[in-house]
There are 2 protein chains.
Amino acid sequence: VSENLYAVVMAGGAGTRFWPLSRRTNPKQLQPLVGDLPLIAATVERLGQLVPPEKVLIITGADQAEATAKVLPQLPNENIIGEPEGRDTAAAIALAASILLKRDPEAIMAVMPADHVISPAEVFRKTLATAAKVAAKTDCLLLFGIKPSFAHTGLGYIHFGEDLPGSSGAPVRRVVNFTEKPDTDTAEKFIKSGEYYWNSGIFVWQAARIIREIEQHLPKHGKSFKRIAAAIGGAEQESTIAREYPKLEKISIDYAILEKAEDVAVLEANYQWDDVGSWLALERHCPQDAHGNVADGDILMLDTHGCILRGSGRRLIATVGIKDLLVIETDDAIMVCPKNRDQDVKKLVDELKKRERLELL
Amino acid sequence: VSENLYAVVMAGGAGTRFWPLSRRTNPKQLQPLVGDLPLIAATVERLGQLVPPEKVLIITGADQAEATAKVLPQLPNENIIGEPEGRDTAAAIALAASILLKRDPEAIMAVMPADHVISPAEVFRKTLATAAKVAAKTDCLLLFGIKPSFAHTGLGYIHFGEDLPGSSGAPVRRVVNFTEKPDTDTAEKFIKSGEYYWNSGIFVWQAARIIREIEQHLPKHGKSFKRIAAAIGGAEQESTIAREYPKLEKISIDYAILEKAEDVAVLEANYQWDDVGSWLALERHCPQDAHGNVADGDILMLDTHGCILRGSGRRLIATVGIKDLLVIETDDAIMVCPKNRDQDVKKLVDELKKRERLELL
């Protein structure tokens, strides 16, 4: 156990691919999409005693902070930080690093998404403990790499090189470069080469190091960032964040820092990992019936095959003769779409925004 | 206008193919499935002054009588007859004929389903007036035949023969025989021959004649039928019907009488006719958008083609990438099924019965 290890859980996503269940004020990470716990609660629980609740920060939308606190009663209220608006991961990480540095100048921070499914938790914690040690010793920027199992075109790929000196047997390698969402041919080449990992969006580094990188590579953060950092822990923290945070540059940590910095390394993660990216995730994590259906709610199926049906339980969903469809029901909406159009659920949300159907977002 | 002409509207059906909208106590004929009026109200309105409301009898389930009266405020209450239980058309017609005979010994009755779409109403009324005249003059049992437009395998076919003597130019022909729901090959042969009509379930005859036929061909109706006939119009009418009606033989008028009686004739109907047999009827009667969708309710469609979507309007139905599907939403149920499985909607209702989900029936 590292005394200086903290976790920063990134919970800014809207989860529009899980509409109509996922909403602005009740996004997918707050819901038990898979298993009994809300995804974010499972993420905190997974840390166990390696990073106990009082050392876990949540960065989320200000309008989601209250609901987030409700599903994480074990967390001190001040550990749930509401962003006045989403400014992408570089800003969120800058804010979190400033807060942690104030608490602990030696802070090592593990940054992770709120909504991924990882198991077994013990392997995850072991990987995290190793990463914390490496970060403390080498001051590297560390990423967790997942061995790719197929030519996924929706993820980022990490090209890795030589072993990090002094990584003492743990598979820690220097990062050569990054490729975001390659086409199928490229992804297949990557997999064949054996020199690539999926980027799972989990990072481990010293808070002081990432602050230095931000100051160097994000000069546009400039005065706003300095004012926020200075206000942390004081009476003006909240008002300063409210005023200055929206002025931070909106850019991902990957583009802003990781693609440019020296000493970026990747640690091979040997746990099962799923980014729960769309409704199809339910097939990977929920039991299927003899006809390949995943059904949850008050459901009546006749001659129905390969479908994902999810209802509120307050209304019957009845199907006959359908195949490979998503049917999702909530109190105010029903969504029907073929499974292979799972990415287009987002388009429905975009269209609802256009039509100003705010009550459905 | 025939002074002795009465209409008997048969409204005993459950409309299970229109589940989840059609329910035991609110069946399809009471709903504005097509157009602005409930189907049964359109049926009564179609009769116009040829058969004014006070001369229209409705035969319906006792548990539907109250709701039926609500959508037909123009009808005297005593014209809505509730069957204690469904005993098929021979029993319903026997009851109606007994009631009409008591009112008018010369009564001519036009029997018609509550839920068919017919237009133009004027052509229908003209056909009906002709039929009433022919029935008065010849004492025939008259059916309305529809010229078949394709090899429908779900309807009854009437094989017609020579012109009825004295039918004075109106195309009234003797019936040779009936074929119920032929297979496709047979239906195609029927259509090629030019000697067949669809049986549209509309009959015109003298009440006295059908009573004689019932007494002859349905001896099993026996004492129960005589007791009902005797009680009509008296203080004991309701209690006698409640006690004796369930004892009547459960058989259709077609099997019980029409296939056996002499002097059965068919009149060619030249109006547009649709039996509104399943959700597909909406495509024939409701406007379609540029992608062949029929949509009613609060609906958001992206890349959606050839679908029939009907919602309560109280919740959004959102679809993306679907084709040729039925999606029907009510306050307590959602039904999804391919259009070409429209007949299987009934199977869902059967299954709900089996599972004793009475609240959904």
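**Exercise 1. Determine how far the backbone nitrogen of B:Ser312 lies from a polar atom of the B:Glu329 side chain, then describe the surroundings of B:Glu329.**

Solution. Step 1: in this predicted model, the backbone nitrogen of B:Ser312 is 2.7 Å away from a polar atom of the side chain of B:Glu329. A polar contact is a pair of N or O atoms within 3.5 Å; within protein, one must be able to donate a hydrogen and the other to accept it, and residues adjacent in sequence count only if both atoms are side-chain atoms.

Step 2: the side chains of B:Glu329 and B:Arg315 are joined by a polar contact of 2.5 Å.

Step 3: B:Glu329 sits in strand β16 of chain B, residues 325-329. Helices (H or I, at least four residues) and strands (E, at least two) are DSSP runs, numbered from the N terminus.

Step 4: B:Glu329 has a relative accessibility of 2% and therefore counts as buried. Buried means under 20% relative accessible area, exposed over 50%, and partly exposed in between (1.4 Å probe, protein chains only).

Step 5: contact means heavy atoms within 4.5 Å. With neighbours within four places in sequence left aside, the residues in contact with B:Glu329 include A:Ile334 from chain A, and B:Arg310, B:Gly311 and B:Ile317 from chain B.

Conventions: residues are numbered from 1 along each chain as its sequence is written, and chains are lettered from A and ligands numbered from 1 in the order in which they are written. Local features need pLDDT of at least 70, side-chain atom pairs count only at pLDDT 80 or more, totals for chains, interfaces and linings use all residues, and side-chain values use heavy atoms, with hydrogens and water left out.

**Exercise 2. Describe the interface of chain A and chain B.**

Solution. Step 1: the contact involves 35 residues of chain A and 35 residues of chain B.

Step 2: about 2,700 Å² is buried between the two chains, and carbon and sulfur atoms give 66% of this area. Buried area is the accessible area (1.4 Å probe) that two parts lose on being put together, summed over both. On the side of chain A, the residues that lose the most area to chain B are A:Leu316, A:Val320 and A:Ile334, together 23% of what that side buries.

Step 3: the rule finds five salt bridges across the interface, where a salt bridge is a side-chain nitrogen of Lys or Arg within 4 Å of a carboxyl oxygen of Asp or Glu. A salt bridge also links A:Arg341 and B:Asp303, with the closest N and O atoms 2.8 Å apart.

Step 4: 15 residue pairs are in polar contact across the interface, both residues being at pLDDT 80 or more. β17(A) gives the most to the side of chain A that touches chain B, with six residues.

**Exercise 3. Place β17(A) among its partner strands and state whether its residues are buried or exposed.**

Solution. Step 1: within chain A, β17(A) and β16(A) pair in the antiparallel sense over five bridges. Two strands pair if DSSP finds at least two bridges between them. A hairpin of three residues joins β16(A) to β17(A), and A:Met335 is the bridge partner of A:Ile328.

Step 2: across the chains, β17(A) pairs with strand β15 of chain B (residues 316-320) in the parallel sense over four bridges. In β15(B), B:Leu316 is the bridge partner of A:Ala333, and B:Ala318 that of A:Met335.

Step 3: six of the six residues of β17(A) are buried, so this strand is largely enclosed by the rest of the structure. One side carries A:Ala333, A:Met335 and A:Cys337, the other A:Ile334, A:Val336 and A:Pro338, and both faces are covered.
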